[in-house]
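Here are a few exercises to work through with the model open in your viewer. Try each task before reading its solution.

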Amino acid sequence: MSDLEALRSSKIPIVWVLGGPGSGKGTQCARLVEKYGFQHLSSGDLLRDEVQSGSDKGKEINEMMVKGMLVPRQVVLDLLKQAMLKNLATAKGYLIDGYPREVEQGEDFEKDIAPCSLVLYFDCKDETMTQRLLGRAASSGRADDNEETIKKRLVTFHNCSEPVIAKYTQKVVIICADTDPDTIFGQCTASVDKVLTTCK
Ligand code: AP5
């Protein structure tokens, strides 16, 4: 049996974690990893690793990220698939953070990898997200944490990513992400606990 077949036939939960830039996806994923021992795979981190490698592909990716644009679908899907299979032997669950960012990405993922079990959608006001990212800018070292790119990231999010929520309504749980981290974490764990019961 190939690794991909093993992944598909396993009952390992796959959770997509979606929300606008600065909605708190990464923050909550770190806490969920601590509680459940899931693998956290952030599409943004995987892309930044590729940029750091200094490869030609990384240079092209960086140009798109600085403009707040989406990186081509196949690039992101390949990085995610590779990372999921690498961790398959020890995975108790996957948190796929920042993916899918457009409807076609979701379709590709479920066709090429496996169906997702749950979609956590971090619903947050634009002003809140902007303030958080500007607050982080001083220490993040991220080329896209500046006012101009944040505006573009928000436009891309509203245009491309919101339709994903509409498509997966049956799997989506809306998390009110405008509040404090503990309250948000409580909402996330309630949903993950339910999924773990059904995946057993
Ligand atoms: P990515 O790295 O995924 O960035 P993002 O989605 O814009 O979101 P962030 O990681 O900046 O924020 P977050 O929601 O994780 O919030 P965090 O917890 O860090 O993507 C970057 C780029 O890569 C994209 O623009 C695109 O170009 C490309 N890309 C990525 N995925 C792609 C894909 N699938 N397809 C194509 N291209 C893709 O928190 C932010 C700040 O807020 C922190 O300082 C934190 O401490 C603070 N904070 C968090 N929660 C709270 C709270 N409850 N209260 C107060 N402060 C809080």
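**Exercise 1.** Which residues of strand β3 (residues 94-97) point one way, which point the other way, and are they buried or exposed?

*Solution.* Keep in mind that this is a predicted model. Step one: sort the side chains by direction. Tyr94 and Ile96 go one way, while Leu95 and Asp97 go the other. Step two: check burial, where the cut-off is under 20% relative accessible area. All of these β3 residues are buried.

**Exercise 2.** Find the strands that pair with β3, and give the sense of the pairing.

*Solution.* Start with β1: β1 and β3 run parallel, with four bridges between them. One position to look at is tryptophan 16, whose bridge partner in β3 is isoleucine 96. Then move on to β2, which also pairs with β3 in the parallel sense over four bridges. Here histidine 40 sits opposite leucine 95 of β3.

**Exercise 3.** Work out what span α8 should have from its 21 residues, and compare that with its end C-alpha atoms. Then locate its bend.

*Solution.* At 1.5 Å a residue, the expected span is 30 Å. The C-alpha atoms at the two ends are 30 Å apart, so the two values agree. Next, follow the axis: α8 bends by about 40° at histidine 158. Finally, pick out the buried residues of α8, which include Ile150, Leu154, Phe157, Val164 and Ile165, as well as Arg153.

**Exercise 4.** Describe the largest pocket: what is its volume, which residues are closest to its centre, and what makes up its lining?

*Solution.* First, the volume is about 820 Å³. Of the 44 lining residues, Pro21, Lys25, Arg101, Arg142 and Arg153 are the closest to the centre. We've met Arg153 already, as one of the buried residues of α8. Next, go through the elements: those giving two or more residues to the lining are β1 (14-19), α2 (25-36), β2 (39-42), α3 (43-52), α7 (126-140), α8 (147-167) and α9 (181-199). The largest share, five residues, comes from α3. Last, sort the lining by type, and you get 15 nonpolar, 18 polar and eleven charged residues.

**Exercise 5.** Decide whether methionine 65 is buried or exposed, and how far it is from arginine 48 in sequence and in space.

*Solution.* Begin by placing methionine 65: you'll find it in helix α4 (residues 56-66). Its relative accessible area is 13%. The cut-off for buried is under 20%, so methionine 65 counts as buried. Now for the distance: methionine 65 and arginine 48 are 17 residues apart in sequence and 9.1 Å apart in space, C-alpha to C-alpha.

Notes:
Residues are numbered from 1 along each chain as its sequence is written. This is a predicted model: local features need pLDDT of at least 70, side-chain atom pairs count only at pLDDT 80 or more; totals for chains, interfaces and linings use all residues. Side-chain values use heavy atoms; hydrogens and water are left out. On a 1 Å grid over the protein atoms alone, a cavity is a set of points where a 1.4 Å probe fits but cannot get out, and a pocket is an open set with protein on both sides within 12 Å along at least five of seven lines; lining residues have an atom within 4 Å of a point. Grid points are joined across faces, edges and corners, and a volume is the space filled by probe spheres set on the points. Ala, Val, Leu, Ile, Met, Phe, Trp, Tyr, Cys and Pro count as nonpolar, Asp, Glu, Lys and Arg as charged, and the others, Gly among them, as polar. Buried means under 20% relative accessible area, exposed over 50%, partly exposed in between (1.4 Å probe, protein chains only). Two strands pair if DSSP finds at least two bridges between them. The expected span of a helix is 1.5 Å times one less than its number of residues. The bend at a residue is the angle between axes fitted to the seven residues ending there and the seven starting there.
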